[in-house]
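Okay, thanks for squeezing me in. Let me put the structure up, and then I'll walk you through a few spots.

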Amino acid sequence: MPSTIDEIRTALETRLTAARDAQDVRSAQIEYLGKKGTVTALLKQISGVAEDQRRQFGEQVNALKQWAAQAIEQRLSNLSFTTRRYDIDFSLPGQLMPAGKKHILTQVEEEVESVFLSMGFDIEEGPEIEQEYYNFEALNIPADHPARDMQDTFYLAPGMLLRTHTSPIQVRTMKRENPPIRMIATGRCYRRDAVDASHTPVFTQVEGLVIDKDITFADLKGVLQEFVRGVFGSSTNVKLLPSFFPFVEPGAETAISCPICGGKGCPTCKNSGWIEMGGSGMVHQNVLQEVGYDPSIYQGFAFGWGIERIAMIKYGIRDIRMFYDNDLDFLGQF
Ligand code: PHE
């Protein structure tokens, strides 16, 4: 008999130590102290034990019962403090969260901004949902002008659209401020273009505008030269080719000497040594008049380039869609 009592005690002890939660302890309690429990069964046996051993056996069984009740209580109160001890292993290494990064287009925008900030330019902003007036009319593009075909537009409501370029920010800035003006603005633009390796319906531009007395085409070229040297390296050159945009006169397409081959000719510049980057020109008199500036006193230049294009040339990215695919392996490289 004594060995049975000891065995029961040991078994219950092991059972309680292994219990993971109160539920485990409660079921042990029923097994040992419940109506049909192991200890209860022993208590019932007391009266049947031979008289000379009954007293000793009774004392042992009662002691076991008391011990069991107390051990169960003890275990329950321990568990309520330490339930989680079994769920958390503090020695395991933590889960590493990959560090976030700025998108490559944001990085290039910031790089462009820092080059212009160093030349004393201000940074302006404008809305992506824009009035037709700022996007077209004020830029010398009336409703019936064929130049509207150059920029297939997402119209939202009568008179409202998603801006097709950052040039409306020129108009907003000139209407708000007086010359001299030296500003750039970067931001998203929208056009109803079919998606291919060099077109996406959403893209990013950097717009520049300088207005003052005695501003010439040479100032435009000098500022662009400084800009591309800051972004692509000190041996990069700028070339201006005649082009047309209704809000500039004269207007120019701007090309840079290929930073990949240094102008010798390679696949990126299609063996021409030059890469076209975007539009530029001297601000049209009609635009100056529209914002209330006197063209006989003030002149200026403007340019609008694609940020994706700058990033593609700088980093050798072949397909514009990659900027918008959200492939972390691709984006993580920059
Ligand atoms: N806004 C023109 C475009 O998106 C680019 C440009 C800007 C041209 C400023 C001339 C001057 O095509």
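Let me start with a quick one: is Asn 271 buried or exposed? Asn 271 is exposed, because its relative accessible area is 62%, and the cut-off for exposed is over 50%. Before I go on, a reminder that this is a predicted model.

Staying with Asn 271 for a second, you'll find it in the loop between β8 and β9, with β9 running over 274-283. Its phi is near 65 degrees, so a positive value in a residue that isn't glycine. There's another asparagine to look at, Asn 326, which has a positive phi of about 55 degrees and is not a glycine either. That one sits in the loop between α10 (307-315) and α11 (328-331). Asn 326 is exposed too, with a relative accessible area of 57%.

Okay, zooming out to the overall layout. The protein is split into domain 1, residues 2-87, and domain 2, residues 104-331. How far apart are the C-alpha centres of domain 1 and domain 2? They lie 84 Å apart.

Domain 2 begins at residue 104, and helix α5 covers residues 104-118. Does the helix geometry add up, or what span should we expect for α5? With 15 residues at 1.5 Å a residue it should span 21 Å, and the end C-alpha atoms are indeed 21 Å apart, so the two agree. Buried residues of α5 include Ile 104, Leu 105, Val 108 and Phe 116, and the list also has two glutamates, Glu 109 and Glu 113. Just after the helix, Gly 120 takes a positive phi of about 85 degrees.

Now the ligand, which I guess is what you've been waiting for. There are 15 residues around it, and the ones that come nearest are His 165, Ser 167, Arg 191, Gln 205 and Gly 304. For His 165, a polar side-chain atom lies 2.9 Å from a nitrogen atom of the ligand. Ser 167 has a side-chain N or O atom that is 2.9 Å from a ligand nitrogen. With Arg 191 the partner is a ligand oxygen, and the distance from a polar side-chain atom is 3.0 Å.

Arg 191 also shows up in the surroundings of Phe 154. Phe 154 lies in the loop between α6 (132-135) and β3 (155-157). Leaving out neighbours within four places in sequence, it contacts Leu 161, Leu 162, Tyr 190, Arg 191, Arg 192 and Pro 201. Take Tyr 190: it's 36 residues away along the chain, yet the two C-alpha atoms are separated by 7.2 Å. Phe 154 counts as partly exposed, at 29% relative accessibility.

Next, cis peptides. One is the bond from Pro 179 to Pro 180, with omega near 0 degrees, and Pro 180 lies in the loop between α7 (168-176) and β5 (181-190). Another joins Glu 249 and Pro 250, with omega about -5 degrees, and here the proline lies in strand β8.

So what does the record say about Glu 249? The unreviewed UniProt entry has a "binding site" annotation that covers Glu 249. This glutamate is in β8, residues 248-257, and it is partly exposed, with a relative accessible area of 49%. Not counting residues up to four places away in sequence, Glu 249 touches Met 282 and His 284.

That's my tour, happy to rotate the view for anyone.

How values were computed. Residues numbered from 1 in each chain as written. Predicted model: local features only at pLDDT ≥ 70, side-chain atom pairs only at ≥ 80, totals over all residues. Heavy atoms only, no water. Helix = DSSP H or I, 4+ residues; strand = E, 2+ residues; numbered from the N terminus. Expected span 1.5 Å × (residues − 1). Buried < 20%, exposed > 50% of the residue type's maximum accessible area, 1.4 Å probe, protein only. Domains from an automatic or database assignment. UniProt positions renumbered as here; feature names shortened; annotations may be inferred. Contact = heavy atoms within 4.5 Å. Near = heavy atom within 4 Å. Polar contact = N/O pair within 3.5 Å; in protein donor to acceptor, adjacent residues only side chain to side chain.
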